[in-house]
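Reader: I have a new model on my screen and would like to get to know it. Please take me through it, one question at a time.

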Amino acid sequence: MAYRILEKEEIAPSVHKMVIDAPDVAKAAKAGQFIILRIDERGKEFLLQLRILRERQARLL
């Protein structure tokens, strides 16, 4: 499933904060849980922590 990045901010070198439009993730997940982000089908996987959830957005750190 593809999600749209709404915001991206570099907090520190190699540390970014992203806000994505992901209503199904935001509805089911709880803050502090992790997700796996993959850029494409063959891309590297990244483990990210969910920080703040809203109705349609998930903030990733």
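Reader: Let's start with Arg 38: does it count as buried, partly exposed or exposed?
Author: Buried means under 20% relative accessible area and exposed means over 50%, with partly exposed in between (1.4 Å probe, protein chains only). Arg 38 has a relative accessibility of 43%, so it counts as partly exposed.

Reader: Before we go further, what kind of model is this, and how are its values obtained?
Author: Residues are numbered from 1 along each chain as its sequence is written, and side-chain values use heavy atoms, leaving out hydrogens and water. Local features need pLDDT (the predictor's confidence in each residue, from 0 to 100) of at least 70, side-chain atom pairs count only at pLDDT 80 or more, and totals for chains, interfaces and linings use all residues, as this is a predicted model.

Reader: Thanks! Which residue meets Arg 38 in a salt bridge?
Author: A salt bridge is a side-chain nitrogen of Lys or Arg within 4 Å of a carboxyl oxygen of Asp or Glu. The partner of Arg 38 sits at 3.7 Å, N to O, and has a relative accessibility of 45%, so this partner is partly exposed as well. The residue is Glu 45.

Reader: How many salt bridges are there by this rule?
Author: Besides the pair of Glu 45 and Arg 38, the side chains of Glu 9 and Lys 17 meet at 3.5 Å, N to O. Glu 9 is partly exposed at 41% relative accessible area, and Lys 17 is partly exposed at 26%. The count comes to two.

Reader: In what order do helix and strands follow each other along the sequence?
Author: Helices (H or I, at least four residues) and strands (E, at least two) are DSSP runs, numbered from the N terminus. The protein has one helix and five strands. Read along the sequence, the pattern is β-β-α-β-β-β.

Reader: Which element has the lowest mean pLDDT?
Author: The protein averages a pLDDT of 78, and 80% of the residues score at least 70. Strand E1 (residues 4-12) has the highest mean of the elements, 88, while the lowest, 60, belongs to residues 57-60. Where pLDDT is low, the predicted coordinates should not be read in detail. The element to treat with that in mind is strand E5.

Reader: Which elements give two or more residues to the largest nonpolar core?
Author: A nonpolar core is a set of buried Ala, Val, Leu, Ile, Met, Phe, Trp, Tyr and Cys residues joined through side-chain atoms within 4.5 Å. The largest one has eight residues: Met 18, Ile 20, Ala 22, Val 25, Ala 29, Ile 35, Leu 48 and Leu 50. The elements that give two or more are strand E2 (15-21) and strand E4 (45-53).

Reader: Which residues does Leu 37 touch, leaving aside those up to four places away in sequence?
Author: Leu 37 is found in strand E3 and counts as partly exposed because its relative accessibility is 26%. Its C-alpha lies 7.1 Å from that of Leu 48, eleven residues apart in sequence. With contact meaning heavy atoms within 4.5 Å, Leu 37 touches Met 18, Lys 44, Glu 45, Phe 46 and Leu 48.

Reader: And where is Lys 44 found?
Author: Lys 44 touches Leu 37, Arg 38 and Ile 39, again leaving aside residues up to four places away. Lys 44 has a relative accessible area of 62%, so it is exposed. Its place is the loop between E3 and E4.

Reader: Which residues form a nonpolar patch on the surface?
Author: Patches are made of residues with over 30% relative accessible area and no salt bridge; like charges are joined within 9 Å, and nonpolar side chains (Val, Leu, Ile, Met, Phe, Trp, Tyr) within 5 Å. One member lies in strand E3 (residues 34-38) and is exposed, with 51% relative accessible area. Together the members have about 360 Å² of accessible area (Shrake-Rupley method, 1.4 Å probe; for residues, only the protein chains shown count as cover), and they are Phe 34, Ile 36 and Leu 47.
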